[in-house]
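Trainee: I've got a new model on my screen and I'd like to go through it with you. Can we take it one question at a time?

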Amino acid sequence: MLFDTRATAIARADRRKPLRRSGAALFLLLSTSLVTAPVATLAQNYRFSAVKIEGNQRIEQGAILGYAGIARGQAVSAGELNAAYQNIVESGLFESVEIEPRGNTLVIKVKEFPTINRISIEGNRRLKDDALKAAIQSKERFVYSPNQAERDAAEIAEAYNAAGRVAARVSPKIIRRSDNRVDLVFEVFEGGLAEIERIGFVGNRVYSDGRLRRVLETKQAGILRALIKRDTFVEDRIEFDKQVLRDFYLSRGYVDFRTLSVNAELAEERDGYFITFNVEEGQQFRFGATPVTTDLADIDVAEFQAEVKVKPGAIYTPTAVETDIARLERLAIRKGLDFIRVEPRITRNDRDLMLDIEYALVKGPRIFVERIDIEGNTTTLDQVVRRQFKVAEGDAFNPREIREAAERIRALGYFEKADVNAREGTNPDQVIVDVQVEEATTGSLSFGGTYSTNSGFGLLIQFRENNFLGRGQRLNLSVSGADDNKVYGLRFTEPALLGRDVEFDIDVGYRESVNSFANYNTQAINLRPGLTFPVSENGRFGIYAFGEQMKMTDSGAAKGGIVAAEIAKGSVTSLGAGYTYTYDTRRTGLDPDRGVLLEFGQQFAGAGGDVAFLKSTAKAIAQTKVLNDEVTLRASLEGGMLNYTKGNSRSVDRFQIGSEIMRGFTPDGIGPREINAGSNDALGGTFFAVARFEAEFPLGLPEEFGVTGGLFYDVGSAWGVDDISGATGTVVGQDFSLRHTIGASVFWDTPVGPLRFNFSKALKKETFDDEQTFNITISTKF
């Protein structure tokens with residue numbers, strides 16, 4: 001009787017040959033041997049006084065006998081011989097195995113699998129060797145296994161599949177070397193990217209396919225597909241998109257929204273996917289009654305009710321409920337009421353499509369925070385993570401506070417992964433908060449270019465570190481040089497001064513400007529340290545000191561008497577302080593479709609230096625989305641006032657109104673001017689006011705192009721000059737006079753930065769204004 005697995009899996013020493021599985025051939029050979037044997041032989045028992053093993057080089061004889069499970073002198077049936085043979089084969093150590101009874105001797109012939117001399121990957125350009133070798137289990141100087149090589153090839157193919165190359169094929173091959181060694185080679189055919197050719201939706205009635213596509217992380221392949229990596233098919237990204245869709249609908253009151261299924265069909269050419277989201281939107285719900293209730297005697301319900309900001313009739317959004325709960329629990333802490341929990345009890349009214357939210361104040365379990373353990377932060381200091389917690393060791397445990405702290409830790413951007421969990425502590429009434437993080441790269445050195453119709457081309461070099469020395473501090477060093485503008489800046493920010501919610505920053509800069517729209521050049525040095533801190537849920541207040549030395553220099557162009565006198569003053573130093581108040585509803589994000597930004601600031605100069613003045617500025621911006629989020633409406637109002645009490649203002653000190661503030665005009669295009677026979681000098685105004693109204697909407701082009709359109713209407717003016725005594729020509733534009741501009745915009749959202757093309761027409765202007773009918777701005781980093 002002979003059990004033989006002599007195989008064809010290994011090529012000759014001087015040839016490459018694809019690996020072939022030999023399991024079926026082995027089984028067929030073994031079955032044939034058993035079938036052709038006489039029936040009496042199958043029933044025969046063997047007893048061997050000796051076992052002889054041949055062909056083994058690295059594997060000890062005792063190990064092979066252990067796999068066979070046959071002892072000397074043991075009675076063995078044909079079935080047990082077959083089992084011994086299978087055991088040796090399944091050890092995975094041998095290329096071929098033969099078992100042959102020879103009288104009282106059992107001969108076991110084996111041919112060991114070779115050892116792997118070298119592993120290489122050929123044909124890969126998109127994925128590096130290190131990334132692919134990390135996915136395979138075969139190792140150099142270990143025993144070669146054909147089955148493992150096939151599994152490794154499948155893992156490499158899966159890595160390409162995750163990168164969007166589903167047509168990739170991987171073939172493991174071997175090259176025989178001396179001393180029973182082989183080189184294992186994975187030959188890769190990468191194939192092309194399987195792009196997302198089309199993303200469609202079924203079941204959406206309220207929001208269009210285009211609006212929903214803008215929500216997804218996955219994008220359709222567009223004209224810049226070589227730069228966009230989000231248009232390749234990645235299964236994990238599809239799962240993320242399903243959650244994003246649900247969040248989008250929930251934030252707009254569609255509490256029953258579901259993604260029923262996602263169908264991804266691969267094109268016949270295996271180079272593209274067609275993805276369809278089957279959704280069920282449901283009905284939109286609004287807030288009903290929002291009472292605060294409690295059975296606790298020491299709580300003033302009316303006081304807590306006043307903290308509820310959700311109004312009946314507003315569109316339901318979970319964020320608003322979460323914010324109200326956090327507000328109520330913070331009030332309880334301020335009043336010294338520990339362990340108070342807010343349970344939102346929702347009553348659904350399907351007839352009126354309303355959700356009544358009852359905020360029930362209950363007494364939670366008396367559990368304390370034993371300690372906070374932080375692991376994995378090899379660079380970031382513990383204190384940076386700990387200050388994201390509003391609780392400390394020994395404080396009452398609040399699960400909501402822990403969840404919010406986890407979100408704040410993730411929002412820092414310092415970690416690839418951040419997990420925050422609570423577990424039972426030393427005693428049942430204590431918990432230990434475990435924070436497990438994985439550091440991310442927080443520094444960057446970038447080289448880029450800028451271009452605008454106003455400033456021309458420029459080079460940008462920037463070093464940025466968002467977690468300087470692991471302290472959570474930000475450091476930004478930039479050098480920018482355009483044709484007419486050179487800027488050198490250093491900015492340092494400490495986000496939590498002395499462990500408080502107070503941000504300290506210091507800004508140092510030097511700027512040179514060659515003004516193509518004015519008859520002078522400028523040089524400026526500035527220093528500005530400041531503090532910023534919250535004063536309300538949406539409000540922040542900043543105070544700062546400043547010092548600036550500004551010098552107007554002669555550009556060689558013809559100029560009037562006012563500018564010439566200002567240049568003659570040389571360098572002017574201003575020292576002082578200022579404050580800024582900002583109110584921004586986007587901080588809380590209660591309404592995903594609306595936002596309001598209010599800013600007001602004043603500068604006071606006169607604490608030393610050459611001049612004294614009061615400069616006030618204000619800005620108000622409001623935005624909303626209409627027509628099922630298809631159209632964005634935006635309105636802004638901006639103004640300023642400058643009053644000198646020591647010295648006089650110069651053109652560089654006054655408000656210069658151009659395309660960045662009011663479209664349709666060049667920099668310094670409107671406002672007071674001195675007109676001479678050979679010059680037309682923009683003087684700027686001591687007052688300005690501008691209102692801007694804008695609508696942005698789709699143009700009907702495929703969303704993957706990233707092109708939308710807009711219409712705008714701007715109205716504004718700049719006026720007033722405090723000193724015209726040196727004028728040699730006619731000074732015009734001192735009085736308030738509104739300019740009106742209308743225009744159209746084309747927005748192009750590209751992977752290398754947003755582009756905006758403005759086409760404008762001044763409906764009303766002064767004869768001395770400098771109109772600009774086209775403007776383009778590009779900002780690029782690469």
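Trainee: Which residues line the second largest cavity?
Mentor: Keep in mind that this is a predicted model. The second largest cavity has a volume of about 40 Å³. Its lining is made by Ser 659, Arg 663, Gly 664, Asn 758, Ser 760, Gln 772, Thr 773, Phe 774 and Asn 775.

Trainee: And which elements give two or more residues to the lining of the second largest cavity?
Mentor: Look at the numbers in that lining: Asn 758 and Ser 760 are on the list, and so are Phe 774 and Asn 775. Now set them against the ranges 753-764 and 774-781. The elements you want are strand S38 and strand S39.

Trainee: How many residues of the lining of the second largest cavity are polar?
Mentor: Sort the lining by type. One residue is nonpolar and one is charged. Gly 664 is in the lining, and glycine goes with the polar group here. The polar count is seven.

Trainee: Which residues line the largest cavity, then?
Mentor: That cavity holds about 50 Å³ of space. Helix H10 (318-334) and helix H12 (399-411) each supply at least two residues of its lining. The lining divides into one nonpolar, one polar and five charged residues. The names are Ala 326, Glu 329, Arg 330, Asn 398, Arg 400, Glu 401 and Glu 404.

Trainee: Which element gives the largest share of the lining of the second largest pocket?
Mentor: This pocket has a volume of about 1700 Å³ and 41 lining residues. Lys 390, Arg 408, Asp 501, Pro 534 and Arg 540 lie nearest its centre. H10, H12 and strand S27 (539-554) each give two or more residues to the lining. The largest share, nine residues, comes from H12.

Trainee: How many residues of that pocket lining are charged?
Mentor: Split the lining of the second largest pocket by type again. You get 12 nonpolar and eight polar residues. The charged ones number 21.

Trainee: How many residues apart in sequence are the parts that Asp 256 and Arg 348 tie together?
Mentor: The side chains of these two meet in a salt bridge, at 2.5 Å from N to O. Asp 256 lies in the loop between helix H8 (235-250) and strand S12 (258-266), while Arg 348 is in strand S16, so the pair ties together parts whose separation in sequence is 92 residues.

Trainee: Is Arg 348 buried, partly exposed or exposed?
Mentor: Buried means under 20% relative accessible area and exposed means over 50%. Arg 348 has a value of 40%, so it falls between those limits. Its partner Asp 256, at 27%, is also in that class. The word for Arg 348 is partly exposed.

Trainee: What about the pair of Arg 756 and Glu 694: which strand holds Glu 694?
Mentor: These two form a salt bridge, with the closest N and O atoms 2.4 Å apart. Arg 756 sits in strand S38, 62 residues away from Glu 694 in the chain. The strand of Glu 694 covers residues 687-698, and its name is S34.

Trainee: Which residues are linked with them in a network of salt bridges?
Mentor: Side chains of opposite charge can pair when their charged atoms come close. Here Glu 694 and Arg 756 belong to a network of such pairs. The others in it are Arg 634, Arg 663, Glu 696 and Asp 714.

Trainee: What is phi of Phe 339 near?
Mentor: Most residues other than glycine have a negative phi. Phe 339 has a positive one. Phe 339 is in the loop between H10 and strand S16 (340-349), and it is buried, at 5% relative accessible area. Its phi is near 65°.

Trainee: Last one: which strand gives the most to the nonpolar patch?
Mentor: The patch covers about 910 Å² of surface, with Leu 459, Ile 461 and Phe 463 among its residues. Strands S21, S22, S23 and S24 each supply at least two residues. The top giver, with three residues, is S22.

Key. Residues numbered from 1 in each chain as written. Predicted model: local features only at pLDDT ≥ 70, side-chain atom pairs only at ≥ 80, totals over all residues. Heavy atoms only, no water. Patch = residues over 30% accessible without salt bridge, like charges linked within 9 Å, V, L, I, M, F, W, Y side chains within 5 Å. Areas by Shrake-Rupley, 256 points an atom, 1.4 Å probe, with all protein chains shown as cover. Salt bridge = Lys/Arg side-chain N within 4 Å of Asp/Glu carboxyl O. Helix = DSSP H or I, 4+ residues; strand = E, 2+ residues; numbered from the N terminus. 1 Å grid on protein atoms, 1.4 Å probe; cavity = no way out; pocket = protein on both sides within 12 Å on 5 of 7 lines; lining within 4 Å. Points joined across faces, edges and corners; volume = space filled by probe spheres on them. Buried < 20%, exposed > 50% of the residue type's maximum accessible area, 1.4 Å probe, protein only.
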